[in-house]
Each structure stands twice: as structure tokens, then as C-alpha cells.
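Please open the structure in the viewer and keep the sequence panel at hand. The tour proceeds by selection, and each stop states what is to be found there.

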Amino acid sequence: EGRPCSLCRRPARPPRSAQGRPSLRAMSAAQSNGECKRQKTTMTATAEAAKPVAKYRKDYAPPPYWIRTVDLDFALGADQTLVRASLALERREGAAPGDDLVLDGEDLALESVAVDGEPLQDGDYELGDRTLTIRGSALKASCTLTTTARTKPRANTQLSGLYYSGSMLCTQCEAEGFRRITYFLDRPDVMATFKVRMAGPKADFPVLLSNGNRAAEGADEARDGPGTHYAVWEDPFPKPCYLFALVAGSLDKVTDSFTTMSGRTVELNMYAMPRDVDALDHAMGALKRSFKWDEEAYGREYDLDLFNVVAVPDFNMGAMENKGLNVFNTACVLARPWSATDADYERVEGVVAHEYFHNWTGNRVTCRDWFQLTLKEGLTVFRDQCFSADMTSEAVKRVGDVRMLRSRQFPEDASPLAHPIRPESYVAMDNFYTATVYEKGAEVIGMYRALLGPEGFRKGMDLYFERHDGQAVTCDDFRAAMADANGADLAQFEEWYKQPGTPTVVAETSHDLDAGVFRLTLTQKPGSTAPKGAPPLHIPVAVGLLSRATGKELAPTKVLELREASQTFDFPGIREAVVPSVLRGFSAPVHLDLPQPDEDLAFLMAHDTDPFNRWEASQKLMTRVMLELAKDGSGPEQGSPAALPEVVLGAFKATLTEEGGDMSLQALALGLPDFDTLSSAVDVVYPQALCNAIGATKLALARAMEADLQKVYDRCCTKPGEPYKTDPASVGRRRLRDTCLSYLAALDTPAARKRCTAQILAAQCITDALAAFTAIASTSGDDRLEASSRFFEAVEADPLALDKWYRARASADVPRALDEVKALMELPSFELTNPNRVRSVLGAFTMLNHRHFHAADGSGYAFAADSIMALDPINSQIAARLARAFSAWRRLEPKQAELMKKELERIRDHKGISRNTYEIATTSLAEPDAA
């Protein structure tokens, strides 16, 4: 402010104070006093007058009325939309005639209520803060309830319900957003057919979309007003209201088609803002591949004549599987070489597949209640993982999935926020879209397949669809289908749905060479957050045995079923020394405690026939070294190299110089375990020591292997003029090149910085440029600032590419990192109202910049807390997700723990805090016995 910007080297602009924007701390304080006047109109989160009330799975009861059909009529406007909803009610069998009907509703202005066309009198209904109660005396066994209400889309910065994004109106209704559109039984077990009429100014909303098939369109200005047009949509399949969707705006599209296995032609449309329509081709190809894969893998055919996808710039989640009208965060659907990295291209394909696969696992068969969320999400994550593995590399995909599980879900499972994949209670359902429900849930589905085999798993899936198509069901129904289809006893397997925490499997071996019997004893221990006395789990443990002399496989992979606290398994006919390969393919989401010397790990890195366990051996070797360096908070000073054992250096060199294999897998094997993975492996975390250990190990490897790193880097560089391709070989080559560059940049020499700058200048895609920019961003000197300026100028006009610049800067480990992050938030292109931008800065700082988030003076914690409190009234879902970074406080060394706890208490006690963020704060602070 008042001087050239050190972040992007742009000319000075007037100080923020001149523009009237207060600091984050001032904003949070002003909100407490009701004084904060925002630059933009916002719809604040509803303040709780009392402590929010939890809901419990055990209290499930069906509603007194079912809603069989829904007729919605929208008079669209960005500032105000009028919604008329006609609900065909049918009293549930067994419900008392006098039972009241309590509908959910938030931030709505009710205008009228009628039953069978007759307006209700004041005594016939009661309007509450979050409910509309219709007296049982005003209802019949079958009747039509009609309400008219107004909502304000442009003011809805919560991005839940109907809101305005860019130049379009759009919706997000999962989990509980439909109640912000109209009064309704907003719960997933209420399934109805929907008919939707929407009308609005054609100049503002030339495209009108909703679920199902378009039944009519045209203009009726006498009814809707001058310059308007309308469209009518009908969805013949009953669905819960969380799957409702509406989009209206100025959009362009790409169109294609798919012929199903029964010979039907399905029209495929992908919509985006006109500037982005050229970035939809990759997603369209992924959609067609998803259609085909689901037919071949599961026999599931798409059931409508039309499938629409819309890209939305402001979106809390990645995407939403609304029936026939998927709505996507632009970050998960747009892909062009200069805005999407190789990883982004893969993510787009995976997310497109995920949302399409929900058509059967989530839409046609849905959840009875939100406690069963993993029924659709864990299952669909597993399906999209299998799809992506088939489209790319099974081994690379498995390693990537486990890396993410360990860095995100394992820490969550060891924190006060730990919960089973099927939670028993919640205050705000939005808080349970977690790595546990999704990723651990997918691992649980994978264990079914490990236990039953691919054919048995498919039999179970077929029976599940046959039994439950068109129903809202439970996790127990899925487990029963798997068991019944295979004649299997899966009663004990329910414990995976009931227990939080990551269990540990301790493996002990013995070998009687004379008898030719190798013996493996497995003992399971409950996770640290599991209830006392938790019963044993049913754990599939995949094991193979390798000849110590030749490296050949003597015993192929066998799945052992660990059902008891401890069991011993014999492998007969093994008459030579072996090295065991245990938990192949990561057959269960557990910690494996298997004592292995460094030499055995190096052996497995070189010879294991299971590609996952080859990678796993490299990670165990590096983890052992780094945890020893950081033990008890000791270790090397920042910037000093570690003294590494020769076996580690030799194993690294062998992996680095290997040729002819999968380069993506090679790059992954060279990568070091990250901070979160390492922290989940210790009881007490010393953040600064752990950061120093990671840096010291990386620096030591870079110094020892500099010549080899340069050689491999040069071999993998893109040739001038070579076109950008996303095939596995091209992606692998770039990954290996960029892994080498990351190590070389750790040297922080002029030559290393020059190499990074050269790659930025020669970049042929954003993958090239971003890898080099990320590498140089944590170096010293002015080179990183010059690189920042060049990268910023290249991406400034593209919001998704600009997010990457923000993310790299916010996660950079530099001396004044916190000051730089604060400066990022003062830039004109930063807005707290855009979730992608918030995640790129605040999310990157709290989740990736560990040294400075965990600063010894607590400044990182205080900044994050201020930011969360400023964001909470704008978007409580995103604020609550950021607040999860504080849940690890109990596992930190005492001084850091106290500093983090203090800020967490400040968040909890902040006046007007949303129930979303309140739940995260109070659960994180609760004593273990009360949690």
C-alpha cells in the first residue's frame, strides 16, 4: 500500500484504509457489536439464541406425512425470487391424524399458506425462526399444501439454497439447503417427483435449467411480465429434495451424445460462462467414459434422455450430483493447459465420474438419513477410485489415495473430531462431509471386495440395486446385500461403521526352516479414539512372501481374515529365508506395526512384486529417519542437512536412477512423507522440529544426489515445441522432472534458482510453470519475487490459474510468511466471498504452511482465528472447515497446544458464531470422555 507490491510487482494503489476495508481483527470485533458494514450485501448465518441442539441416529423416526409430488413455480430475480410450492401430502400409515407437520425453512419471507386451495388462518399454522408448523387439524389424510415465499439470492453468501454466482442463479441443496428455497421436509427419506416451472427476464437468464427432462418452454408475458420467458422441467424419478437443482443465466455450452447399452441416445450438455466454454472438452470426454465404464463394471445404464452439467465459479463443494443436472465448482470441471495442471486433469476426470456414478449410488438408491451419508459417498468414492485406476495406473492411483488418506483422514481419526464413518450425532450436518465419511468410507467398501473377491462384490452390488432401487436405505441394508449375495457372515464387519479411530495391526513372524513353516501372528489394537473395550474388527490383511535370496515371490498374495484380538497364520512349504510383504495394496485402513530393519525395507523397495508395498517401503524408510531426527523436539537447526544412513542414500539413488518403469510411481517413491502423515505417527507433535527434520532430510538428499538429480531432470525435460499431452507416460515424465527440481531447489543455490526460472520461462503448460514457481517460492533472494511477478502476469486473467499463484505464495516457507499472507488478502482479486480463493490462501496457510501456522509465538493461530471469525457470517461452511485446523491442539507439545487452545476458545466464544463453526470448536475443546 503506497508502494509497489512485493507479491506481484504491480504499481502502488491507494491504501486499504482509504477504501474503507477494516482489518480482519477489526471485522470480527465489529461483527460482535453489530457494527460491521460490508462492501457487499451478505446474508449472515443465523445466530443461535441458545446452545445448538444435536441430532442422534438412535432418534430416527419417519415423518407423519410423506410428500409424493412437488410442483414448484419460480419467478426469478437476482435480488428477489418468489417461490410457489405445491406439495401433495399423504399421511404415513400409522401416524396419528392430529399430528402436526413441521416443515424446515431458513431465511425465507413467507407470504401465504393454503391447503387444497383454502388459505390457512393464523391458528392453523405457526411460523418459527427455522420452521413452519402446520397444525394437524388443518390437514387431511391426503391433501395439497401450497406455500409462497420470497428469498434473496444475491444476498445469500452462504452459497446454500438459491444464490447468485457470477452472472447466474444456481442452487446447492445438499445437505440442508432446500429449506432456504421453500418450506419443506428437508430430509433424505422424503422422496417425491418434481415438476418445475421457472420464469425470468430473458436478457438476464437466457438459459433455464432444472432436473429431469425439459417438458415445455416459451414466453407468457401476460403471466410473467415483459421480456420474460419460461421453461418447465419434469423429473419422473422420485428423489429427495437435496437433489433438486436450478440454474438460470447467460451460459454457453458444448454438446455431445452417448448411446447406452440398450441403444438409447442420451443428449449431453456442459454449460459454463462464455469465457470458459473452451475448457469443457476434457470433462465431456470423462463423462462419456464414465457412462461406458459404469455399464461395463456394474451394468448400470443412465435413465434419462438428457444429462446436463453446469460450471459455477462460487461453490462450497467440488460438485453436486443433482439428478440430470450436475452442478460443478469450476475448479473440478474446467481444464485447459494453462489453467489446469496434470493433477487437475486427473481430478476433473475423477470428479466427473464420481458425480455421474451417484446416479445409481446416491440418487436411485439414497440415504434414509444423513447419518448414513457414507452409504452413498464412501461407495461412490470407491467407484470413482476404481474408474480412475482403470483410466490411468492402478498402482499410482492407489498410492495417491493412501497418501491422501494418511495426510487427511488419519489425523482426523486421532483428533477430538474423530467419528465413525456412520456418525451417531451431529449439530450441523455440513460438518460431516469429512475424510472419514468419504475416504475411510471408501476403504471400508474396498474391504468388502478384499474379503468377497471381485465377483462376490459384484454379486452383492447387483442384489443391492435389485432390492433397493427407488428407496432411501441404510448402511445395514448394504451390508446385508453383500452378505446375502455371498452367503457370508458379515455381522462383525458392522464394527467398521461404529468405531472411530485408526486401529493398529501388530505383526510378528517366525520361521521353522526345517518344517518349512513360516508363521505370522497378527494382533489388533483399537484406535486411540475408539471407545474403551471396543470389540475386534474384521480386518482383511493381504500378505505375500518373497525369497530373500532371489527376490522372487514364493507365496503369492493371500488375504488373511483377522477377526480376533490375535490370530496366527501358517504358510507351509516355505523352506528358504523370506521377507514378508504385509498389508499389500493397503488392504485395510490401519497402522501396521511390523519390525523391519532398514535393509529389509531397501530389499522390498527393489524386489516387492506388489507396487504399493514397494512405495510403502520407501516411505517407511524415510519416515523412520525423519521421526528420529525430530524426536522429543530435538534435531537439526533450520537450514542444516541431516546425516543420513548409507542404506537410505543407496535406496534413494537406486530409485532415482531406475529407468524403464512407471515414472509417476517413481516420482511418488522419491517423495518424502508430508507433515500430516508424519504427525499422525507420533503421540506428541513438535511442529518446528518436524518441519526442520523434513527440510534437513530433503537438503541432505539433494546434496548427496545433486548430479543424479540434474541428470534425471535433464532427461525428463520437455523438448521445445512438443505438444502438451495428458497420457500417463507424459504425465509421469513431468512428475519425475518436477520431483527432481523440487530437490534441487532445496539447495537454494544460484544455479538451482536459475533452473527454476528457466523452466518458468520455457513452460508450455501451467504444470511446467507451477512446479518451478512452487519450488522457487521458498528460496531466498529476489529470484523468487521475479518468478512470482512472471507467474502472476501469466495467470492474472484466469481465476483458476490465479488461485494457484495464491496457493503457492500462501504455502511458501519464507521468513516473513505471515506478513505475505496478510498482504495477499489485501489484493483486489482476493474476496472472502469466493470459496476457491479463500481455500487458496487461508486453506493453504493452515494446511500446508506448517512452520508459520505453528509459529512459536502463536501468531499463525491468532491470524487464522481472526480470519475464521471474519469469514463465518459470510460463509459458515467454509469457516467451519478452516476451523478444523485447530482440532490437533491436544497432540501438540504443551506450549503450542496452549496457544492453539486459546485461539480455539476465542472462536467458540465469539458472539454470533454459526452453529457450524461452534460445533467444530466445542467438539475440539471437549474433554476426551465427554467428546
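Which residues of helix H27 are buried? The model to be inspected is a predicted one. Select helix H27, residues 876–883. The buried residues are Ser 876, Gln 877, Ile 878, Ala 879, Ala 880, Leu 882 and Ala 883. Seven of the eight residues of H27 are thus buried, and the helix is mostly covered. To display what covers these residues, add helix H24 (835–848), helix H26 (859–871) and helix H29 (915–925), against which the buried residues of H27 pack.

**Strands E25, E26 and E29**

Select next strand E25 (residues 504–512) and strand E26 (residues 517–525), which run antiparallel and are joined by nine bridges. Within this pairing, His 511 stands opposite Phe 518 in E26. The two strands E25 and E26 form a hairpin with four residues between them. In the turn, select Gly 516, which has a positive phi of about 70°.

Add strand E29 (residues 566–572) to the selection. E29 is joined to E26 by seven bridges, again in the antiparallel sense. One position to label is Leu 522, whose bridge partner in E29 is Gln 567.

Then proceed to Gly 573, in the loop between E29 and E30. Is Gly 573 buried or exposed? Gly 573 has a relative accessible area of 59% and is therefore exposed. A distance may be drawn from the C-alpha atom of Gly 573 to that of Val 517: the separation is 6.1 Å, although these positions lie 56 residues apart along the chain.

**The sheet E28-E27-E30**

Select the open sheet of three strands, whose order is E28-E27-E30 and whose pairing is antiparallel. Its edge strands are E28 and strand E30 (578–582), each of which pairs on one side only. On average, and with direction ignored, neighbouring strands of this sheet are turned by 20° against each other. Strand E27 (residues 539–547) pairs with E28 in the antiparallel sense over seven bridges. To view one such bridge, label Val 543 and its partner in E28, Lys 558.

**A cavity beside E30**

The structure holds six cavities of 30 Å³ or more. The next stop is the second largest, with a volume of about 70 Å³. To outline this cavity, select its lining: Pro 580, Ser 581, Val 582, Leu 592, Leu 594, Gln 596, Leu 601, Leu 604, Asn 613, Glu 616, Ala 617 and Lys 620. The elements that give two or more residues to this lining are E30, helix H11 (598–607) and H12. Which element provides the largest share of the lining of the second largest cavity? It is H12, with four residues. Coloured by character, the lining of this cavity divides into seven nonpolar, three polar and two charged residues.

One of these lining residues, Asn 613, merits a separate selection. Asn 613 is placed in helix H12. Its relative accessible area is 7%, so Asn 613 is buried. Apart from neighbours within four places in sequence, Asn 613 is in contact with Ser 581, Val 582, Leu 583, Arg 584, Gly 585 and Asp 608.

**The second largest pocket**

Turn now to the second largest pocket, in which about 970 Å³ of space lies. Of the 33 residues that line this pocket, select the closest to its centre: Phe 382, Cys 386, Glu 394, Arg 398 and Arg 449. The elements that give two or more residues to the lining are helix H4 (281–298), helix H6 (373–391), helix H7 (394–413), helix H8 (435–468), strand E28 (553–562) and helix H12 (611–629). H8 gives the most, with ten residues. The lining residues of this pocket comprise 17 nonpolar, six polar and ten charged.

**Leu 268**

For the final stop, select Leu 268 in strand E18 (residues 265–272). Leu 268 counts as buried because its relative accessibility is 0%. Leaving aside neighbours within four places in sequence, display its contacts: Val 254, Thr 255, Asp 256, Ser 257, Phe 258, Met 284, Leu 287, Lys 288, Phe 291 and Phe 307. A line drawn between the C-alpha atoms of Leu 268 and Val 232 spans 19 Å, and the two residues are 36 residues apart in sequence.

Methods: Residues are numbered from 1 along each chain as its sequence is written. This is a predicted model: local features need pLDDT of at least 70, side-chain atom pairs count only at pLDDT 80 or more; totals for chains, interfaces and linings use all residues. Side-chain values use heavy atoms; hydrogens and water are left out. On a 1 Å grid over the protein atoms alone, a cavity is a set of points where a 1.4 Å probe fits but cannot get out, and a pocket is an open set with protein on both sides within 12 Å along at least five of seven lines; lining residues have an atom within 4 Å of a point. Grid points are joined across faces, edges and corners, and a volume is the space filled by probe spheres set on the points. Ala, Val, Leu, Ile, Met, Phe, Trp, Tyr, Cys and Pro count as nonpolar, Asp, Glu, Lys and Arg as charged, and the others, Gly among them, as polar. Two strands pair if DSSP finds at least two bridges between them. Axes are lines fitted to C-alpha atoms, for helices over the stretch in contact, and angles run from 0 to 180 degrees between N-to-C directions. Buried means under 20% relative accessible area, exposed over 50%, partly exposed in between (1.4 Å probe, protein chains only). Contact means heavy atoms within 4.5 Å.
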